[in-house]
Amino acid sequence: LTFKTTINNLINKTFGTHKQTHKHMAGKRWQGGKDGAMIKKRRFGRASSSSANIPYGAKGFLISSDVGKEKQTARDLMRVMLDIYDDIVPPDEKDADKPKEEEEGDDVDAVEKEKQKPTPPVLSVEDALKSEIESIKEDDKIENKKFKIVDLDMKACIFVLMSKDAASKADPSEMVVRYLSEVKETSRTRSRFIERILPVQDVCFASSEEIKAHAKPIIDRFLPNIEVDGETKEDRVKKSTFSIVFGSRYNNSVPRMEAIDAIAQQVSADFHKVDLGDPRVAFTCDLIKGCCVLGVAKEWKKFDKYNARILALSEEDKNELKKTNAAPPRTKTGVSE
């Protein structure tokens with residue numbers, strides 16, 4: 001018995017017990033334990049972070065671009081939108097955002113303080129250049145508080161989020177119309193890799209009930225029911241046309257027609273009618289992962305379905321693209337490259 005016990009102990013130390021061996025094999029076979037986690041990680045890749053989702057109630061811009069150039073395109077558009085924001089927002093409202101460092105004193109005190117300031121040292125050309133670069137970077141950080149890139153962890157698609165303060169002063173739909181008007185006039189996109197840009201008015205959970213609830217205030221704002229004395233129903237609906245543009249990425253929870261009906265049911269047929277060819281207002285509905293992105297695109301046909309790259313092309317180039325059915329070439333950005 002002593003010899004048999006000694007042999008069993010030696011085998012267990014060398015190869016492990018039956019339970020330990022079974023647990024080790026189960027980890028490999030059924031992907032449990034440490035070995036199973038490594039197998040899952042290699043097979044499915046890294047887990048998606050929570051920042052890859054657009055926050056509910058957000059306003060901003062949904063951008064499509066060339067694959068691998070999403071963040072560069074978003075940075076280009078942020079610079080453009082900062083310029084447009086400065087044109088839209090009055091200077092007094094911008095100054096109101098800045099905190100007042102101190103109350104204005106007497107003119108005499110101000111002069112005395114100015115005299116007491118030390119004379120700045122004379123910098124070399126290299127030091128002056130470094131100082132200028134640092135000040136530009138600091139100004140860029142301050143300005144970019146109005147916009148933030150939301151990485152969706154998707155190819156050829158990214159979202160630029162507007163801060164609540166910026167969204168209360170400048171409407172995303174108006175900003176995109178200004179940008180596309182500039183592209184149409186100058187034939188320059190100011191971004192080499194951009195394709196389509198959609199203004200976003202609201203973001204909600206991807207379900208038909210939530211879409212109905214969040215689409216109602218948007219429709220009431222951009223497609224109001226206005227009745228004019230002596231005007232017939234036929235005359236009213238001719239002036240006010242709309243369409244619904246649906247898109248879906250990594251989401252099949254809500255069928256296409258169910259999402260479209262959820263928005264269309266909020267529009268009064270006595271004042272507006274559907275026009276898929278050239279609507280006055282296009283309501284965009286994009287299902288992205290677990291959320292629904294709602295937007296308003298005015299003059300949908302005039303701005304080539306909000307595709308900035310195609311909008312920047314000449315009519316001859318557009319006709320040539322229709323014949324060849326090829327992808328549109330990258331356009332001039334309007335900036336030095």
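The paragraphs below walk through one sheet, the loop that follows one of its strands, and a charged patch on the surface. The model is a predicted one, and the description should be read with that in mind.

A good place to begin is the open sheet of five strands, whose order is β5-β9-β8-β6-β7 and whose pairing is mixed. At its edges stand β5 and β7, the latter covering residues 273-274, and each of these two strands pairs on one side only. Strands of a sheet are held in pairs through backbone hydrogen bonds, and the pairing may be parallel or antiparallel.

Starting from the β5 side, strand β5, which spans residues 202-205, runs antiparallel to β9 and is joined to β9 by four bridges. Within this pair, D202 stands opposite L294 of β9. Strand β9 itself covers residues 291-298 and is mostly covered, with seven of its eight residues buried.

The next step across the sheet leads from β9 to strand β8, residues 281-288, and here eight bridges link the two strands in the antiparallel sense. In this pairing V281 faces K298 of β9. The two strands also form a hairpin with two residues between them, and in the turn K289 has a positive phi of about 55°.

Beyond β8 comes strand β6, residues 241-249, which runs parallel to β8 and is joined to β8 by eight bridges. F242 stands opposite V281 in β8, and V281 is also the residue that stands opposite K298 in β9.

After the sheet, the reader can turn to the loop between β9 and α13 (308-311), where D304 is found. D304 has a positive phi of about 50° although it is not a glycine, and because its relative accessibility is 21%, D304 counts as partly exposed. Y306 lies in the loop between β9 and α13 as well, and Y306, also not a glycine, has a positive phi of about 65°. With a relative accessibility of 0%, however, Y306 counts as buried, since that label applies under 20%.

The last stop is on the surface, where E209, E210, E258 and D261 gather in a patch of negative charge. Two helices, α10 (208-222) and α12 (256-264), each supply at least two residues of this negative patch. One of the patch residues, E209, has its place in helix α10, and E209 counts as exposed because its relative accessibility is 57%, where the label exposed requires a value over 50%.

Note on methods. Residues are numbered from 1 along each chain as its sequence is written. This is a predicted model: local features need pLDDT of at least 70, side-chain atom pairs count only at pLDDT 80 or more; totals for chains, interfaces and linings use all residues. Side-chain values use heavy atoms; hydrogens and water are left out. Patches are made of residues with over 30% relative accessible area and no salt bridge: like charges are joined within 9 Å, nonpolar side chains (Val, Leu, Ile, Met, Phe, Trp, Tyr) within 5 Å. Accessible areas come from the Shrake-Rupley method with a 1.4 Å probe; for residues, only the protein chains shown count as cover. A salt bridge is a side-chain nitrogen of Lys or Arg within 4 Å of a carboxyl oxygen of Asp or Glu. Lys and Arg count as positive and Asp and Glu as negative; His and the chain ends are not counted. The place of a charge is taken as NZ of Lys, CZ of Arg, CG of Asp or CD of Glu. Buried means under 20% relative accessible area, exposed over 50%, partly exposed in between (1.4 Å probe, protein chains only). Two strands pair if DSSP finds at least two bridges between them.
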